Amino acid sequence: EEGGPLPESTVTYTLESFGEVTKFSLSEVYAAPGSLEVEEAGREGWALIMSGLKTLLETGQPLRLPLE
């Protein structure tokens, strides 16, 4: 199995109202120190998930991504 199992983590999100807009914040904390590669992959993955969520909420349509 490439890379092995992913480390356990806790994901927390907050929603804050700022007038007519809402701020969405997300953090991920690993239970034990992990590799930098896992952390970087997590950052890239969460950025893609957040982008897709933003697109869906703003347009009502899912984010279309090319398949590799």
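A residue counts as buried under 20% relative accessible area, as exposed over 50%, and as partly exposed in between. These classes will recur at several stops of this tour, which is made through a predicted model.

**Stop 1: the hairpin**

Select residues 9-18, strand β1, together with residues 21-30, strand β2; the two strands pair in the antiparallel sense over ten bridges. To follow the register, select T14, whose bridge partner in β2 is S25. Next select E16, which has K23 as its bridge partner in β2. Then move to the turn of the hairpin, where two residues stand between the strands. One residue to pick out there is G19, which takes a positive phi near 65°.

**Stop 2: the aromatic pair**

Remain on the hairpin and display the side chains of Y13 and F24. A pair of aromatic rings is described by the distance of the centres and the angle of the planes. The structure holds one aromatic pair. That pair is formed by Y13 and F24 and is stacked, with 5.8 Å from centre to centre and 15° between the planes. Since Y13 belongs to strand β1 and F24 to strand β2, the pair ties together parts that are eleven residues apart in sequence. Are these two residues buried or exposed? Y13 has a relative accessible area of 54% and is therefore exposed, whereas F24, with 31%, is partly exposed.

**Stop 3: the loop after β2**

Proceed along the chain to P33, which is placed in the loop between β2 and α1. P33 counts as exposed because its relative accessibility is 85%. With P33 still selected, add T55 and draw a line between the two C-alpha atoms. P33 and T55 are 22 residues apart in sequence, and the line between their C-alpha atoms spans 33 Å.

**Stop 4: the helix**

Select residues 36-59, which form helix α1. Helix α1 has 24 residues and reaches 35 Å from its first C-alpha to its last, close to the 34 Å expected at 1.5 Å a residue. At the end of the helix, select G60, which follows α1 and has a positive phi, near 80°.

**Stop 5: the salt bridges**

How many salt bridges does the structure hold? There are two, and both can be viewed on the helix just selected.

- Select E40 and R43, which form a salt bridge with the closest N and O atoms 3.1 Å apart. These two residues of helix α1 are separated by about one helical turn, because they are three residues apart. E40 has a relative accessibility of 34% and so counts as partly exposed.
- Select K54 and E58, whose side chains meet in a salt bridge of 2.9 Å, N to O. K54 and E58 are four residues apart in helix α1, and therefore about one helical turn separates them. K54 is partly exposed, its relative accessible area being 48%, while E58 is exposed at 56%.

**Stop 6: the nonpolar patch**

Switch to a surface display and select V11, Y13, L15, F24, L26, L53 and L57. Together these residues make a nonpolar surface patch of about 660 Å². The elements that give two or more residues to this patch are β1, β2 and α1. Which element gives the largest share of the patch? The largest share comes from β1, with three residues. Two members of the patch, Y13 and F24, are already known from the stacked aromatic pair. Now select L53, which lies in helix α1. L53 has a relative accessible area of 35% and is therefore partly exposed.

**Stop 7: the segment after the helix**

The last selection is Q61, in the segment after α1. Q61 is partly exposed, because its relative accessible area is 46%. Add L6 to the selection and draw a line between the C-alpha atoms. Q61 and L6 are 55 residues apart along the chain, and their C-alpha atoms are separated by 31 Å.

Definitions and conventions: Residues numbered from 1 in each chain as written. Predicted model: local features only at pLDDT ≥ 70, side-chain atom pairs only at ≥ 80, totals over all residues. Heavy atoms only, no water. Expected span 1.5 Å × (residues − 1). Pairing = 2+ DSSP bridges. Patch = residues over 30% accessible without salt bridge, like charges linked within 9 Å, V, L, I, M, F, W, Y side chains within 5 Å. Areas by Shrake-Rupley, 256 points an atom, 1.4 Å probe, with all protein chains shown as cover. Salt bridge = Lys/Arg side-chain N within 4 Å of Asp/Glu carboxyl O. Buried < 20%, exposed > 50% of the residue type's maximum accessible area, 1.4 Å probe, protein only. Phe/Tyr/Trp six-rings, centres within 6.5 Å; stacked < 30°, edge-to-face > 60°.
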